[in-house]
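Thanks for making time. I have one model to go through, and I will keep to what can be read from its coordinates.

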Amino acid sequence: MSSNLRTSGLPPLDDIPWGTHLCSFYETPADLKDLLVPYFVAGLEANERCVWVTSPPLTLDDAAEAMRERVEGFDRMVAEGRITIIPHDEWYLESGSFDMHRVFASWAAEVEAAVRAGFDGARVTGNTAWLDREHWDAFAEYERAIDGAVEDLPILVL
């Protein structure tokens, strides 16, 4: 496997290159957990810093419990900074509104910090179920621009 390719953890996908931005749809909270837990397990096994930005239907506690069920030593990994689970309003709405440029800068800073800390890169996800009409246009612009913002970074975005 090339150092540019990463195990996705997402059947039927195998290896995907750094800078990949994926989108997936789900119907139930169980579907979402079935998608994201293997995605993050693969990242933890591949020395990637993982960031799970949660949104209903999964809370921070739901996400952590799903990971604990699958990953031995999960709480230690959190303490070591190998994985962070953060609510969407703390990540996307830090100042009370959605600012695409601040979010891009935050992802880039996350990658930089991960590499400085000895990780190969970062693996992240953010669920858009929190979006309401007020934020939709700004977030749609963000989704159009994210590919270009991450294409040259050692990051996987789902």
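I will take the core, then a helix, a strand, the aromatic rings, the cysteines and two single residues.

One caution before the details: this is a predicted model, and everything I say is computed from it.

Let me begin with the nonpolar core. The largest one has 26 residues. Those with the most contacts inside it are Leu-36, Phe-40, Trp-52, Met-67 and Ile-83. As for where the core comes from, at least two residues each are supplied by α1 (29–45), β3 (48–54), α2 (60–70), α3 (74–79) and β4 (83–87). Which element gives the most? That is α1, with 8 residues. There is also a second, separate core, of 22 residues, and Ile-86, Tyr-92, Met-100 and Val-103 are among its members.

Next, helix α1. Its length can be checked against expectation. At 1.5 Å a residue, the 17 residues of α1 should span 24 Å, and the end C-alpha atoms are 24 Å apart, so the two agree. The buried residues in α1 include Leu-32, Leu-35 and Leu-36. Further along, the run from Val-37 through Pro-38, Tyr-39, Phe-40, Val-41, Ala-42 and Gly-43 to Leu-44 is buried as well. After the helix comes Asn-47, which has a positive phi, near 60°.

That takes us to strand β3. How many of its residues are buried? The count is 7 of 7. In a regular strand the side chains alternate between the two faces of the sheet. Here both faces are covered. One side carries Glu-48, Cys-50, Trp-52 and Thr-54, the other carries Arg-49, Val-51 and Val-53, and all of these are buried. Note that Glu-48 and Arg-49 are on that list too.

What does β3 pair with? One partner is β5, residues 121–126, in the parallel sense over 6 bridges. Within that pairing, Trp-52 has Thr-125 of β5 as its bridge partner. The pairing of β3 with β4 is also parallel, over 5 bridges. There, Cys-50 is matched with Ile-83 of β4.

Trp-52 deserves a slide of its own. Its relative accessible area is 2%, so Trp-52 is buried. Setting aside neighbours within four places in sequence, Trp-52 contacts Leu-36, Val-37 and Phe-40, and then Leu-58, Ala-63 and Met-67. The rest of its contacts are Thr-84, Ile-85, Ile-86 and Thr-125.

Now the aromatic rings. A pair of aromatic rings is described by the distance of the centres and the angle of the planes. The model has 3 aromatic pairs. In one of them, Tyr-39 and Phe-40 are edge-to-face, 5.1 Å centre to centre with 65° between the planes. Tyr-39 has 1% relative accessibility and counts as buried, and Phe-40, at 0%, counts as buried too. Why is the pair of Phe-40 and Trp-52 stacked? The ring centres are 5.3 Å apart and the planes of Phe-40 and Trp-52 meet at 25°, which is under the 30 degrees that stacking requires. This pair links distant parts of the chain, with Phe-40 in helix α1 and Trp-52 in strand β3, 12 residues apart. Together, Tyr-39, Phe-40 and Trp-52 form one aromatic cluster.

On to the cysteines. How many disulfides are there? The count is 0. For Cys-23, the nearest cysteine sulfur is that of Cys-50, 19 Å away, whereas a disulfide needs the two sulfur atoms within 2.5 Å. The surroundings of the two can be set side by side: Cys-23 is exposed, at 60% relative accessibility, while Cys-50 is buried, at 0%.

Two single residues to finish. Thr-20 is in the loop between β2 (15–17) and α1. Is Thr-20 buried or exposed? At 14% relative accessibility, Thr-20 counts as buried. Not counting residues up to four places away in sequence, Thr-20 touches Ile-155, Leu-156 and Val-157.

The other residue is Asp-62, in helix α2. At 31% relative accessibility, Asp-62 counts as partly exposed. Not counting residues up to four places away in sequence, Asp-62 touches Lys-33 and Pro-57. Asp-62 and Ala-117 are 55 residues apart along the chain, and their C-alpha atoms are separated by 27 Å.

That is the end of my list.

Note on methods:
Residues are numbered from 1 along each chain as its sequence is written. This is a predicted model: local features need pLDDT of at least 70, side-chain atom pairs count only at pLDDT 80 or more; totals for chains, interfaces and linings use all residues. Side-chain values use heavy atoms; hydrogens and water are left out. Buried means under 20% relative accessible area, exposed over 50%, partly exposed in between (1.4 Å probe, protein chains only). A nonpolar core is a set of buried Ala, Val, Leu, Ile, Met, Phe, Trp, Tyr and Cys residues joined through side-chain atoms within 4.5 Å. Helices (H or I, at least four residues) and strands (E, at least two) are DSSP runs, numbered from the N terminus. Contact means heavy atoms within 4.5 Å. The expected span of a helix is 1.5 Å times one less than its number of residues. Two strands pair if DSSP finds at least two bridges between them. Rings of Phe, Tyr and Trp (its six-membered ring) pair if their centres lie within 6.5 Å; planes under 30 degrees apart count as stacked, over 60 as edge-to-face and the rest as tilted.
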